[in-house]
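User: Could you take a close look at one part of this model for me, the largest cavity and whatever surrounds it? I'd like one connected walk through it rather than a list.

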Amino acid sequence: MKMLHALFAGLVLLLVGGMAYAEPVDINKADAETLTTELIGIGPSKAAAIVAYRDANGPFRSVDDLVFVKGIGQATVDKNRDRLIAVDPKAMREAGVSD
């Protein structure tokens with residue numbers, strides 16, 4: 001029984017540890033499906049709103065700019081801050097870095 005508990009505890013640690021090292025989501029590249037599956041409190045309609053806002057207004061300059069999207073508040077941004085990045089595609093091109 002102790003062995004079973006130890007195995008279970010090890011499995012839980014592996015799963016949780018794997019999630020902690022997940023790659024951040026670039027809000028300037030991610031599609032709605034990725035935003036929905038990778039972020040906390042972002043369902044399909046909010047994810048679609050993020051993509052629509054980006055398409056209409058250009059890339060986000062920072063993660064904090066998500067609050068300009070209707071339905072996204074500061075609490076949602078704060079919950080997801082460690083999961084997000086906002087890479088400026090123009091700056092990347094100027095630096096000579098490609099995708």
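Analyst: Here's a walk from the chain as a whole into the cavity, then through the core and out to the surface.

Keep in mind that this is a predicted model. The protein chain has five helices and two strands, and from the N terminus on they run α-β-α-α-α-β-α. Of its 99 residues, 22% count as buried. The chain exposes about 7000 Å², with carbon and sulfur atoms supplying 62% of that area. As for how the chain folds back on itself, take the contacts between residues at least 6 apart in sequence: 49% of them join residues at least 24 apart.

Now to the hole itself. The count comes to one cavity of 30 Å³ or more, and the largest cavity holds about 40 Å³ of space. Its lining is made up of Leu 39, Ile 42, Ile 50, Leu 66, Ile 72, Thr 76, Val 77, Asn 80 and Leu 84. Sorted by class, that's seven nonpolar residues, two polar ones and no charged ones. Helix α4 (residues 74-80) supplies the largest share of the lining, with three residues.

One lining residue that deserves a pause is Asn 80, which sits in helix α4. Asn 80 counts as buried because its relative accessibility is 1%, and the cut-off for buried is under 20%. Leaving aside neighbours within four places in sequence, Asn 80 is in contact with Leu 39 and Ile 40. Leu 39 is on the cavity's lining list too.

What about the nonpolar packing around here? The largest nonpolar core has 16 residues, and those touching the most other members are Leu 35, Ile 42, Ile 50, Leu 66, Ile 72 and Leu 84. Helix α3 (residues 44-57) gives the most to this core, with three residues. Put the core list beside the lining list and you'll find Ile 42, Ile 50, Leu 66, Ile 72 and Leu 84 on both.

Leu 66 is a handy way to see how the pieces connect. Neighbours within four places in sequence aside, Leu 66 is in contact with Ile 27, Ile 50, Phe 60, Ile 72, Val 77 and Leu 84. Among these, Ile 50, Ile 72, Val 77 and Leu 84 also line the cavity.

From Leu 66, step across to Ile 27, in the loop between β1 (25-26) and α2 (32-38). Loop or not, Ile 27 is buried, with a relative accessible area of 0%. With the same sequence neighbours set aside, Ile 27 is in contact with Leu 35, Arg 54, Phe 60, Ser 62, Val 63, Leu 66, Leu 84, Ile 85 and Ala 86. Ile 27 also lies 8.4 Å from Val 51, C-alpha to C-alpha, with their positions 24 residues apart in sequence.

Two more residues take us outwards. Ala 48 is in helix α3 and is partly exposed, at 38% relative accessible area. Its C-alpha is 8.7 Å from that of Leu 35, although the two are 13 residues apart in sequence. Glu 23 is in the loop between α1 (2-20) and β1. At 70% relative accessibility, Glu 23 counts as exposed, so it falls on the other side of the 50% cut-off. Even so, Glu 23 and Arg 83 are 7.5 Å apart, C-alpha to C-alpha, despite a sequence separation of 60 residues.

Note on methods:
Residues numbered from 1 in each chain as written. Predicted model: local features only at pLDDT ≥ 70, side-chain atom pairs only at ≥ 80, totals over all residues. Heavy atoms only, no water. 1 Å grid on protein atoms, 1.4 Å probe; cavity = no way out; pocket = protein on both sides within 12 Å on 5 of 7 lines; lining within 4 Å. Points joined across faces, edges and corners; volume = space filled by probe spheres on them. Helix = DSSP H or I, 4+ residues; strand = E, 2+ residues; numbered from the N terminus. Nonpolar A, V, L, I, M, F, W, Y, C, P; charged D, E, K, R; others polar. Core = buried A, V, L, I, M, F, W, Y, C linked by side-chain atoms within 4.5 Å. Buried < 20%, exposed > 50% of the residue type's maximum accessible area, 1.4 Å probe, protein only. Contact = heavy atoms within 4.5 Å. Areas by Shrake-Rupley, 256 points an atom, 1.4 Å probe, with all protein chains shown as cover.
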